[in-house]
Amino acid sequence: MTNTLVCDIVTPESFLFNGKARLVSAPAGEGDIGLMYQCSPLMSTLRRGVIRIKNEDESEVTSFATDGGYLEVDGRKVIILASRAINLEEISKEDCMQSIAANEAHLAQLEEGSPAKAYAQSEISWENYLLTLI
């Protein structure tokens, strides 16, 4: 089909998604947006939320949790540079709970004001957010 966008989702760790999409919805900095073929060019920040990609024959939706980043669309291609993202199908309650417990144990050993403490708190916040999506 020609009325589709090419969509890429990239994180610092991996290339998460590359495919054609009829519709891409994303948590833009100023509110959720929907992007379709030949939409107006746009650059935006992303906030924590869910990116949804409806495939070209509209039979399937793939969803990714994101913790922010940037989005650019030119009417034919959407590029999402996410600070972190994960396919919602890959999230498990057990993994989230284990990660939270490990980070809380690590957090208890850190000194106040330590950059590592802020990182551990950020990880706990992210895992708790993922739990809300399960």
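**Exercise 1. Loop residues with positive phi**

In which loop is Glu58 found? Then treat Gln38 in the same way, and give phi and exposure for each residue.

*Solution.*
Step 1. This is a predicted model. Glu58 sits in the loop between S4 and S5.
Step 2. Its phi is about 60°, a positive value, although Glu58 is not a glycine.
Step 3. Most residues other than glycine have a negative phi.
Step 4. Glu58 has a relative accessible area of 46%. That lies between the 20% and 50% cut-offs, so Glu58 is partly exposed.
Step 5. Gln38 belongs to the loop between strand S3 (31-35) and S4. Its phi is near 65°, again positive in a residue other than glycine.
Step 6. The relative accessible area of Gln38 is 62%. The cut-off for exposed is over 50%, so Gln38 is exposed.

**Exercise 2. The chain as a whole**

Give the fold pattern, the extent and the burial of the chain.

*Solution.*
Step 1. Count the elements: 2 helices and 7 strands.
Step 2. Put them in sequence order. The pattern reads β-β-β-β-β-β-β-α-α.
Step 3. Take the box along the principal axes. The C-alpha atoms fill roughly 55 × 30 × 25 Å.
Step 4. Turn to burial. The chain has 134 residues, and 40% of them count as buried.
Step 5. Take the accessible surface. It comes to about 7,800 Å², with 50% belonging to carbon and sulfur atoms.
Step 6. Look at contacts with a separation of 6 or more. Residues 24 or more positions apart account for 53% of them.

**Exercise 3. The nonpolar cores**

Which strands each supply at least two residues of the largest nonpolar core? Describe that core, then find another one.

*Solution.*
Step 1. The largest nonpolar core has 19 residues. Those with the most contacts inside it are Ile9, Val24, Leu35, Ile51, Ile53, Val78 and Ile80.
Step 2. Strand S1 (5-10), S2, strand S4 (42-55), strand S5 (61-73) and strand S6 (77-82) each supply at least two residues of this core.
Step 3. S2 gives the largest share, 4 residues.
Step 4. Another core lies apart from it. This one has 7 residues, among them Val50, Ala65, Trp126 and Tyr129.
Step 5. Go back to Val78 and list its contacts beyond four places in sequence. They include Leu5, Val6, Cys7, Val24, Leu35 and Leu71.

**Exercise 4. Ala26 in strand S2**

Is Ala26 buried or exposed? List its contacts.

*Solution.*
Step 1. Place the residue. Ala26 lies in strand S2 (residues 15-28).
Step 2. Its relative accessible area is 2%, so Ala26 is buried.
Step 3. Set aside neighbours within four places in sequence. Ala26 is then in contact with Gly31, Asp32, Ile33, Leu46, Val50, Ile51 and Leu71.
Step 4. Compare with a distant position. Ser125 is 99 residues away along the chain, and the two C-alpha atoms are separated by 20 Å.

**Exercise 5. The two helices**

Why do the buried residues of H1 line one face of the helix? Find what they pack against.

*Solution.*
Step 1. H1 has 16 residues and reaches 23 Å between its first and last C-alpha, close to the expected 22 Å.
Step 2. The buried residues of H1 are Cys96, Ser99, Ile100, Asn103 and Leu107.
Step 3. Seen down the helix axis, these residues fall within an arc of 100°, so they line one face.
Step 4. The face turned away from the buried side carries the exposed residues Glu94, Gln98 and Ala108.
Step 5. The buried residues of H1 pack against helix H2 (115-133).
Step 6. Take Asn103 as an example. Its relative accessibility is 13%, so Asn103 counts as buried. Beyond four places in sequence, Asn103 touches Ala120, Glu123 and Ile124.
Step 7. Those three are among the buried residues of H2. The cover over the buried residues of H2 includes S4, S5, strand S7 (85-87) and H1.
Step 8. H2 has 19 residues and reaches 28 Å, close to the expected 27 Å.

**Exercise 6. Cysteines**

How many disulfides does a search of the whole structure find?

*Solution.*
Step 1. The search finds 0 disulfides.
Step 2. For Cys7, the nearest cysteine sulfur is that of Cys39, 11 Å away. The cut-off for a disulfide is 2.5 Å.
Step 3. Cys7 has a relative accessible area of 0%, so Cys7 is buried.
Step 4. Cys96 counts as buried at 2% relative accessibility.

Conventions: Residues numbered from 1 in each chain as written. Predicted model: local features only at pLDDT ≥ 70, side-chain atom pairs only at ≥ 80, totals over all residues. Heavy atoms only, no water. Buried < 20%, exposed > 50% of the residue type's maximum accessible area, 1.4 Å probe, protein only. Contact = heavy atoms within 4.5 Å. Core = buried A, V, L, I, M, F, W, Y, C linked by side-chain atoms within 4.5 Å. Expected span 1.5 Å × (residues − 1). Arc of directions from axis to C-beta. Areas by Shrake-Rupley, 256 points an atom, 1.4 Å probe, with all protein chains shown as cover.
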